[in-house]
Amino acid sequence: MLHGLNSRRPARVLIVDDSAFVRRTLRTLLLSCGELEVVGAATDGNEGLRLVEELAPDVITLDLEMPRLDGFAFLRILMRRFPIPVVVVSSFAERQTVLRALELGAVDFVAKPEKAASPNLVQIRGELVDKLLAAVGSRVSELRRRMDSEREGQPELSGDAGNQERAGGEGQSSAELRPAEGATGLISAPGDGLAGARPETQTRRPANRVVVVGASTGGPSSLRRLFASLPPELPAAVVVAQHMPPRFTRAFAERLDRQLPWKVREAEQGELLNTGELFIAPGGHHTEVVRREGHLAIEVHRAGPKDRYAPSADRLFSSAADAGGDRVVCLVLTGMGSDGVLGVQYVKVHGGRVLAESEETAVVFGMPRAAIASGAVDEVLPLEAIAPRLVQILGPF
């Protein structure tokens, strides 16, 4: 069954990439999938925008580094004119730019294998097909809504970015994240969304409560908005399992650390959990919460070849329930698949609380839907309501 499409026809894919080798290879790979049909290929963003109008694709694969109109300007214009799901296909070396593309409205990304001259794209076929089909069923309108709310009141782009967008026929304002109402200690930073204005006197102490979060497709944008709305003096530590490849999770943590008032870093073996700290589980590994000599701490284990998700929300949730019991709050955010469904049941049995993002704001409702169907979810809330509810549950600071 197609993700959100009439099952009588395959999803229409437009490839936008300046490499003839990549365009040809992606077309060949996707032609072997009966649920996808490649309807066109563009060599740069300008041609991509023209083909979007001409071909009306259901989903787009996008390279970021292209001549004339690059992937970032393409995304800004596309989200404004024709909000269509986009999956970025990019290299590991471009991980910071990939994260920027997700902030500009891309639904997901696939990392090319590291072969500079001619990457073996056959290795990514299964992942690419899954993510394209999930993207077809995603709520791009929700990403567009977030971008519109972030764009309000921001200055017009200047320099190369502004010139590129005007070259595409439409000047636009910068999509910088504005603090949600009630957020504290936030200042804007040109080109990077939010910067953390961390009070120097903020006291961090060993956490006896932990918030564990699971997310996949659409997660980076949702996590960024959620933690922009949460005060960093929250009386708990936070550990996030966001489905992402190795090395991208470190870049993601570093980017959030620059944008938010929270202290954010990639989780490492043996670290103690302190209040006001946010840990991102490393890609290709499982992160667990354990109790060591009376303190909550992190353990990191390399994933096995048969593990479907690494990091795994199920592993994170279950371990936190073992270590923290009823002092655990579990959040299931946007994402495809059902990772976390076993973990939330474990949290519930051990007396913890479980919140899930509602369909109205989830970019992809797969993970929250599976968690809700398990019967272990206490509350289903839109993304904007999760932060204030979490503050209520955790009590006074």
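**Entry 1: the whole chain**

I started with contacts along the chain, counting pairs with a separation of 6 or more: residues 24 or more positions apart account for 72% of them. I note here that this is a predicted model. Next I looked up the overall make-up, and I found 13 helices and 16 strands in the chain. I also checked burial: the chain has 397 residues, and 59% of them count as buried.

**Entry 2: the nonpolar cores**

I remembered a handy rule before looking inside: in soluble globular proteins, nonpolar side chains tend to be buried together. Here the largest nonpolar core has 93 residues. Which residues have the most contacts inside it? I listed L36, I60, V211, V213, L226, F227 and L331. Helix 3, residues 71–81, gives the most to this core, with seven residues.

I then picked V213 and asked what it touches, not counting residues up to four places away in sequence. I wrote down L223, F227, V238, V239, V240, A241, L316, F317, L331 and L333. Apart from the largest core lies another one, of 30 residues, and its members include F317, A323, V347 and A371.

**Entry 3: helix 1 against helix 5**

I reminded myself that two packed helices are described by the angle between their axes and the distance between the axes. Helix 1 covers residues 20–31 and helix 5 covers residues 125–136. I read off a packing angle of about 75°, with the axes 10 Å apart. That angle makes helix 1 roughly perpendicular to helix 5.

Which residues meet there? From helix 1 I noted L26, L29 and L30, and from helix 5 I noted R125, L128, V129 and L132. I sorted the residues of this contact by type and got six nonpolar, no polar and one charged.

**Entry 4: an open sheet**

A reminder for myself: strands of a sheet pair through backbone hydrogen bonds, either parallel or antiparallel. I followed an open sheet of five strands in the order 2-1-3-4-5, and its pairing is parallel. Which strands stand at the edges? They are strand 2 (36–42) and strand 5 (108–112). Each has a single partner strand, so one side of each is left without a neighbour in the sheet. I also noted the twist, which averages 25° from one strand to the next.

Then I zoomed in on one pair. Strand 3 (residues 59–62) pairs with strand 4 (residues 86–91) in the parallel sense, over three bridges. At T61, I found V87 of strand 4 standing opposite. Helix 4, residues 95–103, lies across strand 4 and strand 5. I saw that helix 4 runs at about 170° to strand 4.

**Entry 5: backbone oddities**

I finished with the backbone. Where is there a cis peptide bond? It joins A310 and P311, and omega is about 15°. I placed P311 in the loop between strand 13 (295–302) and helix 10 (313–324).

Next came positive phi values. A56 has a phi of about 50°, although A56 is not a glycine. I located A56 in the loop between helix 2 (45–55) and strand 3. R247 is not a glycine either, yet its phi is positive, at about 75°. I found R247 in the loop between strand 9 (237–242) and helix 9 (248–259).

My last check was on R247 again: is it buried or exposed? R247 turned out to be partly exposed, because its relative accessible area is 38%, and partly exposed runs from 20% to 50%.

Notes:
Residues numbered from 1 in each chain as written. Predicted model: local features only at pLDDT ≥ 70, side-chain atom pairs only at ≥ 80, totals over all residues. Heavy atoms only, no water. Core = buried A, V, L, I, M, F, W, Y, C linked by side-chain atoms within 4.5 Å. Buried < 20%, exposed > 50% of the residue type's maximum accessible area, 1.4 Å probe, protein only. Helix = DSSP H or I, 4+ residues; strand = E, 2+ residues; numbered from the N terminus. Contact = heavy atoms within 4.5 Å. Axes fitted to C-alpha atoms, helices over the stretch in contact; angles between N-to-C directions. Parallel < 35°, antiparallel > 145°, perpendicular 65-115°, else oblique. Nonpolar A, V, L, I, M, F, W, Y, C, P; charged D, E, K, R; others polar. Pairing = 2+ DSSP bridges.
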